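Got your viewer open? Let's take a short walk through this protein, one selection at a time.

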Amino acid sequence: MGVAVALFTRDLRVHDNPMLTAAQRAGDAVVPLFVLDESLVTGSAAAPNRVRFLAAALDELDDELRTRGGHLVLRRGAVVDEVERIVAQTQAESVHLAAEVSYYGKRRESALRDRLESRGCQVHTHAATVTSVDLDAIEPSTGRDHFAVFTPYFRRWESARHRRPLPPPKNLEVPRLDGEQPGLDELRTVRTSPNLRVGGETTGRKMLRRWLSDPVTAYDEANDDLAADATSHLSPYLHFGCLSAAEVVSRLDMSDPGAHSFARQLAWRDFHHQVLAARPAAAWSDYRSGPVEIRKDEQAFEAWTHGRTGFPIVDAPMRQLRDQGWMPGRARLITASFLAKTLRLDWRSGAAHFRYWLVDGDVANNQMNWQWVAGTGTDTRPNRTLNPLRQAHRFDPEGEYVRRWLPELAHLSGAAVHRPWREDMDEATYPAPIAEVPGM
């Protein structure tokens, strides 16, 4: 059957990988290939936290492949050029990769088809590799090309056919290849958030087992409790495809309220992907007109990015973002709403800041969540504004989360920490609020 190329992109795993399974079925030998795209690794689009995580994920992927008799083939450069070189060298008859929804992913797929067609090499994309379901399998009855409201989408998602997880390959035969295998030391040593968590498939599967062993059962009650830190921390592993979203869903007991609530978050992830698949421009332009007039204020934006707004429930997660490259979902909503609705600054600026620091900075989830908060996306209540003080008293009532990330406020006890301006704080130690909100 010849040679098939398994082009890893956002599916850095051997367990439940439709792309890898299809490549192994298509060829007597398989080239497990990952191309370090210069634009994403060292270019203007590079995000250090994700670059460092990528290096760890590639290391673990290579380990998983070696236990099955293969190894990861690394190349560095333009993806289409490097794939074509591999195809020419091995006379590969097919290239397999995960179906993508972003503008970049679609452009890459189209370029591969155009380049490899003349060589008689077929390009195959595989659905439900990045997402938990085949996005084309869930269509609205209205005739539109996508669901614009989550609730009806979730009903269809729940009743849709979710495929069974695929086993990892038992063994792989990799053809001998010429060419330099680039090292990953540059990626491993890039300067990142000081307490960034990294890993890959092996690490992610251990975390998933631990999460499913018990903590997930409390997810519906505790996921918004900022002090409890009761979320799964699996989002980076899902973003890089170290974990299969389809497999995670298959292992959830949907009769359990906590597991069902967690599944709903995975469905939101699929929902955002199907919106972006239909509207690729939503990654940078309004999905619909927003409810507020955007203003410019560089000082306010700078204060927000550095956690110096004077609102502890906003500043704490912004400090956590820089320290860990991550923050809880509830904190993302609070900080985004403060920027887009309270300060009335452009959501694109906030989304870009998140994309730079977040290790799970996914285009679909990040951009569409920002649009949801800004009222330019799919939220059916576009004028919704999250009052930071109400959010603080609801989701960090004793101020434990705030004190964890704002040590200069550690002396303020209980809920008093959420209104430091009432406690005669020295503004040189902690700034006064940069905006006014109800309840001050």
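Start with β1 and show its side chains. Val3, Val5 and Leu7 sit on one side, Ala4 and Ala6 on the other, and all of them are buried, so both faces of this strand are covered. Keep in mind as you look that this is a predicted model.

Now select residues 3-7, which make up the whole of β1. How many of the strand's 5 residues are buried? The count is 5 of 5, so β1 is largely enclosed by the rest of the structure.

Next, add residues 29-36 to your selection: that's strand β2. It runs parallel to β1, and 5 bridges join the two. Want one pairing to find by eye? Click on Val3, then look across to β2 for Ala29, its bridge partner.

Time to zoom out and show everything as a cartoon. You'll be looking at 19 helices and 5 strands. Turn the C-alpha trace around and you'll see that it spans about 75 × 50 × 45 Å along its principal axes. A compact globule of 440 residues would have a radius of gyration near 22 Å, and this protein has 23 Å, which agrees.

Switch on the surface. About 19,100 Å² is exposed, with carbon and sulfur atoms supplying 46% of that. Buried residues, meanwhile, make up 57% of the 440.

For a last stop, colour the charged side chains. There are 55 positive and 59 negative ones, and the centres of the two sets lie 2 Å apart.

Methods: Residues are numbered from 1 along each chain as its sequence is written. This is a predicted model: local features need pLDDT of at least 70, side-chain atom pairs count only at pLDDT 80 or more; totals for chains, interfaces and linings use all residues. Side-chain values use heavy atoms; hydrogens and water are left out. Helices (H or I, at least four residues) and strands (E, at least two) are DSSP runs, numbered from the N terminus. The radius of gyration is taken over C-alpha atoms; the globule rule is 2.2 Å times the number of residues to the power 0.38. Buried means under 20% relative accessible area, exposed over 50%, partly exposed in between (1.4 Å probe, protein chains only). Accessible areas come from the Shrake-Rupley method with a 1.4 Å probe; for residues, only the protein chains shown count as cover. Lys and Arg count as positive and Asp and Glu as negative; His and the chain ends are not counted. The place of a charge is taken as NZ of Lys, CZ of Arg, CG of Asp or CD of Glu. Two strands pair if DSSP finds at least two bridges between them.
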